[in-house]
Amino acid sequence: MSDMSLLMAGVLATGPISALNLPEKPVITPDNLVQQSTQENLSQVVSPAEITPPEFVQPDITTSSAIKHKYENILKKSREKIQFINSPNLPELKNTQAVTEVAQNQENTEEFSLSPQPPDSDSQMSQVTSVSQLKDVQPSDWAFNALQALVERYGCIAGYHDGNYLGNRTISRYEFAAGLNACLEKLNEAVANNKINTVINSEDLILLQRLQSEFKAELQQLQQRVEAVENRTTELQANQFSTTTRLFGQAVFSVQGTNSPDVDLFPRDGVPERQGKTNLTFTSSAQLTLATSFTGRDLLLTGLSAGNLGSNAALLSTNMGRLGFESNTDNNLVVSDLSYRFVVSDNLGIVVGTAGVNPINTFRGISPLEGSSDGAISLFGQRNPILSIGNGTGGIGFDWQISDRISLQGVYSAEIPSFSGNINQGGLFGGRFTAGTQLSLAPTDNIDIGVHYLYSHSPDGLLGSGIGDSQLISPFADATAFDTQAIGATVAWRINPNLQLGGWGGFTSSKPFNLPGSVETTNWMVFAAFPNLLRPGNLGGVLVGQPPKITSSTLPDGFNFPKFSDGGTAGGRSDTSIHIELFYRAQLSDNIALTPGLFVIFNPDHNAANDTLIVGALRATFRF
């Protein structure tokens, strides 16, 4: 894996700030920006042989000023005989009469058509005026031998990389035209600089004129191509954001709503006490990311975001209806990513930052349905929930490419790394933090596996995953700190380009600091992804799973969450929630996607007394 691939592996994870498609190639530095841009554009229209003329020979021989002036004018007029369009290296055509100085008293001269043809940038063959011009130049052709003779007499082309001019091989007319043009430029330069001691006879000037006329179309097209590349380069320089920084952005507009299910707030008698209600809402969020490279082997990410889509958990009395693209900042601009990634060797990358450093952004994504702006619409459908434990923001991580099919990622992340107050509430090593690792495997070309392990400390008995049973202790008991160990795995199998199957599973075990017993949770999901559904670039998804559920709680009586309203006795959840989701992303263009989706939660909050919850959303994503 390349250096920048290591740097970008975590960037392409699909949390709210990391959903953008950043470049795999080093950002172009100021020294090579124009050169690389020009070469890339030229390579699209002509082969390297056509844009790389042979080296020039510059004999160090002086001539008199009179000879220089005489033959410089003769060459100039010879070139003016053939009209070139838009050639910056030639003077404007002021006289189209025959060059009497070189044409008089010559025998066997041929008449040529001198009427210029208008350029046509849309067709490379627009300048071709005869069938013979479509042919390559053979070593036996008169033009081939004529130019070779001029080269031998005047040394106007040194030759190709092997030291031979053209050899005996057939060449394209464009390659021949490049050599002819190089010879003309060299002769002009040599005369102008007093570096030629051979009088250019009139026969050779007529020969040059004939060659120019024969290859007029190719010379014009080569010039037009160069001018097109120069124009593109100028436009690139004028509109580039920065020579070291690339700007990416996205905006998400969405309409979402739910049904109004009856909710059993205190699951002791199976009788609903309230009704969950949310309004149909229209919301938006925006995100800008600056990706800066200083050396080509590093990446500084600065992410800014703002939005007004908040969680619906409070209104529904369950967090199982949350959406994956929530971004509630009250439309205030916040720093959502500030991390620096660099490589210490060809297979080891490091990330460090005060924002955007957590397992989600550091571990390599496995699920093809992950992506807050272009993947599943539910929060549970994004990824294995154990990866969100700890709600980390800042810290340090690494990505180690052990072999072609094995890599290892690790991270240490704190929830509030900048907090300098109570050690139990925040700071780099206080409050809520997580340390974890993921072993990423590719046993075959079509199978990806991620094996996860995380250790997390919680000061208040909340896992911090935000989905399903993330609270470990009864709300009627005093808050206590917990240490949690979580293990899980995610797998994706690409059956063919249009079908992928996969799933994940997760298990957590949490122990309180000052109490006996433990709390255990499980979650699972299976999914099918349908890339290119109905049209290339589209994506369909079907997901079925169980949100995190407390399966065992052995804390002292009064402390257990599953039966908190009935004495808080030991035991796990008696009912099970099932999550079913369907979505379809229609990629309308490279920059616009429209995603309708629907998911249904049976037995919300792992309580059969609750009505089925239905959440629908229409998400529009604009990227630039």
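Buried means under 20% relative accessible area, exposed means over 50%, and partly exposed is anything in between (1.4 Å probe, protein chains only). Keep that handy for the exercises below.

The model is predicted, so to speak of local features takes pLDDT of at least 70 and side-chain atom pairs count only at pLDDT 80 or more, while totals for chains, interfaces and linings use all residues. Residues are numbered from 1 along each chain as its sequence is written, and side-chain values use heavy atoms, with hydrogens and water left out.

**Exercise 1. Place Q256 and describe its surroundings.**

Step 1: find the element. Helices (H or I, at least four residues) and strands (E, at least two) are DSSP runs, numbered from the N terminus. Q256 sits in strand β1, residues 245-258.

Step 2: check the cover. Is Q256 buried or exposed? Q256 is buried, because its relative accessible area is 5% and the limit for buried is under 20%.

Step 3: look for polar partners. A polar contact is a pair of N or O atoms within 3.5 Å; within protein, one must be able to donate a hydrogen and the other to accept it, and residues adjacent in sequence count only if both atoms are side-chain atoms. The Q256 side chain makes one with the side chain of S254 at 2.7 Å, and another with the side chain of T283 at 3.1 Å.

Step 4: list the neighbours. Contact means heavy atoms within 4.5 Å. Leaving out residues up to four places away in sequence, Q256 touches residues including L280, F282, T283, L323 and G616.

**Exercise 2. Trace the pairing of β9 with its two partners.**

Step 1: recall the rule. Two strands pair if DSSP finds at least two bridges between them.

Step 2: take one partner. β8 (residues 348-355) and β9 (residues 394-401) are antiparallel, with six bridges. On this side, V351 stands opposite G397 in β9.

Step 3: take the other partner. β9 and β10 (residues 406-414) run antiparallel with eight bridges, and G395 faces S413 in β10. How many residues does the hairpin from β9 to β10 pass through? The answer is four residues.

**Exercise 3. Do the same for β18, then look at its loop.**

Step 1: β17 (residues 578-587) pairs with β18 in the antiparallel sense over eight bridges, with I578 opposite F602. These two strands form a hairpin with four residues between them.

Step 2: β18 also runs antiparallel to β19, joined by ten bridges; here T595 is opposite R619.

Step 3: go to the loop between β18 and β19, where N603 is placed. N603 has a positive phi of about 55 degrees although it is not a glycine. N603 counts as partly exposed because its relative accessible area is 26%.

**Exercise 4. Find another non-glycine residue with positive phi.**

Step 1: look in the loop between β15 (519-531) and β16 (539-553), where L534 lies.

Step 2: read the angle. L534 has a positive phi of about 75 degrees and is not a glycine.

Step 3: why does L534 count as exposed? Its relative accessibility is 80%, and exposed means over 50%.

**Exercise 5. Put the whole protein in view.**

Step 1: count the elements. The protein has eleven helices and 19 strands.

Step 2: check burial. Buried residues make up 47% of the 624 residues.

Step 3: check contact range. Of contacts between residues at least 6 apart in sequence, 68% join residues at least 24 apart.
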